[in-house]
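Please look over the structure shown here before reading on, and keep it in view while the paragraphs below lead you through some of its contacts.

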Protein chains: 2
Amino acid sequence: MDRLPTIEDVARAAQVSRQTVSNVLNTPAIVKPETRKRVEVAIRKLAYRPHASARRLRMRKSSTIAIRLDPMTNGISGALLDRFLHALTEQADARGIRILLFTAADPAAEIEQIRKLRAGADVDAFVLTATFHGDPRTEWLVEHDVPFVTFGRPWGVNDMNNPKHLWVDVDGFAGMREATLHLIDAGSSRIGFVGWPSLSGTGDDRRRGWQAAVEERLFPGDGDLAALNLSVEDLLEDARDAVVALLESDERIDGLVCASDTLALGAMIAAASVGRSDLPIIGFDNSPVGQAIGLSSVDQALDEVARGALELLLGETGGDLVRRDAAAAGDTRHRLITPHLVIRQPLRLLAPDAVSIPTATKNAVGNHRNGKESQ
Amino acid sequence: MDRLPTIEDVARAAQVSRQTVSNVLNTPAIVKPETRKRVEVAIRKLAYRPHASARRLRMRKSSTIAIRLDPMTNGISGALLDRFLHALTEQADARGIRILLFTAADPAAEIEQIRKLRAGADVDAFVLTATFHGDPRTEWLVEHDVPFVTFGRPWGVNDMNNPKHLWVDVDGFAGMREATLHLIDAGSSRIGFVGWPSLSGTGDDRRRGWQAAVEERLFPGDGDLAALNLSVEDLLEDARDAVVALLESDERIDGLVCASDTLALGAMIAAASVGRSDLPIIGFDNSPVGQAIGLSSVDQALDEVARGALELLLGETGGDLVRRDAAAAGDTRHRLITPHLVIRQPLRLLAPDAVSIPTATKNAVGNHRNGKESQ
DNA sequence: CTGTTAGCGCATTCAG
DNA sequence: CTGAATGCGCTAACAG
């Protein structure tokens, strides 16, 4: 295979002009069926595919979307981007769009990368993850009229229904509320929340979900929620220590919902270490680690997030990547995905009342290999 | 910004012919310094960048490497590909190479994707991960003369020093041996190995590392290694159960090395549950989860793997992506990266002799936030 | 050192 | 419906 076949080679093989081949490829409807067949056979025979760069040059669009690969998201929930990427790539492929990666150490570097990628006509649009309050990236992109969508809503910046840019996000409120209601339905009556310090829009959203469920079903008036409301950094150890303190100070607690699987794992360890391995705990992210350890968790439905992102960018129809004018867009310019709860049989970290697991019970403990997943 | 500036715009702005601009970009040496300066100013002023597609078309190469995003690698060590991707993207960027993603459900689908990507001149070369014995992909790629490098050596297929294709791999033998020696130096004298069932080249390689260290330093003659040699699937629960059994049947065991962090985590849980939270355990992969929990582990040095892959593909010099002829290549056609051990203070899953952690010791337990990392 | 000429492979005008 | 032109933006040959 010395040289890739060109459209001309196909034309010669099919005994037509090269324009006819182009038509078969791009406007098959206007070609006489029998000629089309002949051309298609030639295409298959030569294993011809249009030269991507040539086509992109001609079409004046790259049909490529770029996304930044974070240096390292937090430990346990880190694989989140990984899974989102997979979903995005898969859906993009179906639309004839390619996903290009880039890296950057900080927002300024990311803007610079975006600038380069744009100036080189390498990329048509961008997907931004891990947006935050007052994010300089979104400002710059809007300013420079670069098509993009964020995974994460623009917290507090502007009207959610008519924001300055496209966004997709997961409804943390709904997810955490569902998790909490699940525990309540299962009999819990005093449920704590382990979340991040305020000012994290995402974290506050999830906290409100817990709060809503608890106020709705457990403390119709207004309980002492503050005592059940933990705020720690997203670290296993911090969560563990805080939960140990909580459980020691309030023995009536019979359930815990957490803003992340990292926190939930810390909580599990804490519960086990104070002899409460039976304590129901629900995390958020449905991380692989959580799966491995049988942690119930709220799944972010990354497939839907990816689909939403592409729909907003490309329109629901095809892969046209023509950004619709903000003003002209009749339908919504965002998607709020409802996550769903995944319930698992927890892998007990430790038998509740023995230092050593008696041989007799070993099998019972080890029997949760295939934790059923609901919904 | 209606239309991107072209080389012609720059030429006009700098009062030179457009070829001169091209020269400044590609062969700066042959342009008179003062003219060059003038052109460079114009380039900066217009924020000009060569149109990637046009350049690729002209150069007859895409300067793009594609890599498949796995559906989902195993739970805990899953982020491995994630980190490798990051390293690869970063290094590629430095060489002016872009990384494109694609997905495929199985090897056949992957081959089909590769075929398409190649036929469309979208991609110059590929990086293959998770290769296995008798992998159809490598055969096909060699057959069709597609430039590629694998992350993973061709186990048993052909001469490692003159293989049919380029490869990079991590020296599991050396890594596991170092881990084992570390435990021995720290005083362990009876060290078990938790690995995968045989037939996994990678797993066997790691097992041999443990074996070598143990035979070398602990059982010069030949001990009853079989009793210390566990084989389980890469699942937390399986590892836990097997290690519980091992520790109960042999109380002299004072160290454990594991073929993955998943296994190591299972081992940690097992150790804690039989009152041996003090048991030194070392994993493999240096996964984020392991970090979070203070697990010592063998780090795969993915930066070096990525660099090696690109060097093999592009040559050490630049980003030329001209595959050197197999026969003509004087230097090696592979890289074997030596991993390094990362030692951490383990986060105790549980106080060794108390059901509840006394308040007084809580700080001590929680104080390992920034585990020092050696080497 | 600088300017001119000729494609890379494709899609999109226009004529027939 | 099909065939013959034009140029997307660039670089590599040349000639000056």
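Which atom of DNA strand C does a polar side-chain atom of Thr35(B) lie 2.7 Å from? It is a phosphate oxygen, and the two atoms form a polar contact, a pair of N or O atoms within 3.5 Å. This is a predicted model, in which local features need pLDDT of at least 70 and side-chain atom pairs count only at pLDDT 80 or more, while totals for chains, interfaces and linings use all residues. Residues are numbered from 1 along each chain as its sequence is written, chains are lettered from A in the order in which they are written, and side-chain values use heavy atoms, with hydrogens and water left out.

Chain A also touches the strand: a polar side-chain atom of Gln19(A) lies 2.7 Å from a base oxygen of DNA strand C, whereas a polar backbone atom of His51(A) is 3.1 Å from a phosphate oxygen.

Turning to the rings, Phe193(B) and Trp210(B) are both buried, a word that stands for under 20% relative accessible area, with a 1.4 Å probe and protein chains only. Their ring centres are 5.4 Å apart and their planes lie at 20°, so the pair is stacked; rings of Phe, Tyr and Trp (its six-membered ring) pair if their centres lie within 6.5 Å, and planes under 30 degrees apart count as stacked.

A charge can also sit over a ring, which requires NZ of Lys or CZ of Arg within 6 Å of the ring centre and within 35 degrees of the ring normal. In chain A, Arg206(A) lies over the face of Phe284(A), at 3.7 Å from the ring centre, and in chain B, Arg206(B) lies over the face of Phe284(B), at 3.7 Å from the ring centre.

Notes: Polar contact = N/O pair within 3.5 Å; in protein donor to acceptor, adjacent residues only side chain to side chain. Phe/Tyr/Trp six-rings, centres within 6.5 Å; stacked < 30°, edge-to-face > 60°. Buried < 20%, exposed > 50% of the residue type's maximum accessible area, 1.4 Å probe, protein only.
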